Amino acid sequence: TEVVEAAEARGIGDVTTHIETGDPDAEILATVEAAGLDAVVMGATGRDGEYRALLGSVAEKTVRQADVPVITVGED
């Protein structure tokens, strides 16, 4: 994928991608545990206010619940 190619072009090795269906934050946390991952890098839209309070943020839920470091990357 583009992300893996970009990481490899920057000299970042051992990049793992994974696709699942279901509740996003629950699937991310389950995958972290099952695969014994050391960290998670994920995109974040930066939405706030009523939108996030009403629907929640996958990145926020993941950061709060993960037992490993979670790095969020915005659009900029």
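**Figure 1. Ile 28 and its partners in this predicted model.** Setting aside residues within four places in sequence, Ile 28 is in contact with Val 40, Met 42, Val 58 and Thr 62. The model shown here, as in every view below, is a predicted one. Ile 28 belongs to helix α2. Is Ile 28 buried, exposed or partly exposed? Its relative accessible area comes to 23%, so Ile 28 counts as partly exposed, because the buried class ends under 20% and the exposed class begins over 50%. To place one of these partners, look for Val 40: Ile 28 and Val 40 sit 12 residues apart in sequence, and their C-alpha atoms are 8.6 Å apart in space.

**Figure 2. Val 40 and the residues around it.** Here is the same pairing from the other side. Which residues does Val 40 contact, leaving aside its neighbours within four places in sequence? They are Ile 28, Val 32, Val 68, Pro 69, Val 70 and Ile 71. Val 40 is also part of strand β1, which spans 40-43.

**Figure 3. The largest nonpolar core.** Eight residues make up this core: Leu 29, Val 32, Val 40, Met 42, Ala 59, Ala 66, Val 68 and Val 70. Which elements give two or more residues to the core? They are helix α2, covering 24-35, and strand β1, covering 40-43. Readers coming from the previous view will recognise Val 32, Val 68 and Val 70, which are contacts of Val 40 and members of this core.

**Figure 4. Thr 31 in helix α2.** Stay on the helix for this close-up, since Thr 31 also has its place in α2. Thr 31 counts as buried because its relative accessibility is 17%, and the buried class lies under 20%. Where does the side chain of Thr 31 reach? At 2.9 Å it meets the backbone oxygen of Glu 27. Not counting residues up to four places away in sequence, Thr 31 touches His 18, Glu 20, Gly 36 and Leu 37.

**Figure 5. The largest pocket and its lining.** This pocket holds about 1100 Å³ of space. Its lining has 29 residues, and those nearest the centre are Thr 16, Thr 17, His 18, Val 40 and Val 41. Two of these names are familiar: His 18 touches Thr 31, and Val 40 is in contact with Ile 28. Helix α1 (2-9), helix α2 and strand β1 each supply at least two lining residues. Which element gives the most to the lining? It is α2, with six residues. By type, the lining divides into 16 nonpolar, eight polar and five charged residues.

**Figure 6. Two loop residues, Asp 14 and Ala 44.** Asp 14 is placed in the loop between α1 and α2. With a relative accessible area of 77%, Asp 14 is exposed. Asp 14 and Val 4 are 10 residues apart in sequence, with 9.4 Å between their C-alpha atoms. Ala 44 is found in another stretch, the loop between β1 and α3 (50-55). Ala 44 is partly exposed, at a relative accessible area of 25%. Its C-alpha atom lies 5.9 Å from that of Thr 72, although Ala 44 and Thr 72 are 28 residues apart in sequence.

**Figure 7. The setting for the close-ups.** How many helices and strands does the protein have? There are four helices and two strands, and they follow the pattern α-α-β-α-α-β along the sequence. Of the 76 residues in the protein, 18% count as buried. Among contacts between residues at least 6 apart in sequence, 58% join residues at least 24 apart.

Terms used
Residues numbered from 1 in each chain as written. Predicted model: local features only at pLDDT ≥ 70, side-chain atom pairs only at ≥ 80, totals over all residues. Heavy atoms only, no water. Core = buried A, V, L, I, M, F, W, Y, C linked by side-chain atoms within 4.5 Å. Buried < 20%, exposed > 50% of the residue type's maximum accessible area, 1.4 Å probe, protein only. Contact = heavy atoms within 4.5 Å. Polar contact = N/O pair within 3.5 Å; in protein donor to acceptor, adjacent residues only side chain to side chain. 1 Å grid on protein atoms, 1.4 Å probe; cavity = no way out; pocket = protein on both sides within 12 Å on 5 of 7 lines; lining within 4 Å. Points joined across faces, edges and corners; volume = space filled by probe spheres on them. Nonpolar A, V, L, I, M, F, W, Y, C, P; charged D, E, K, R; others polar.
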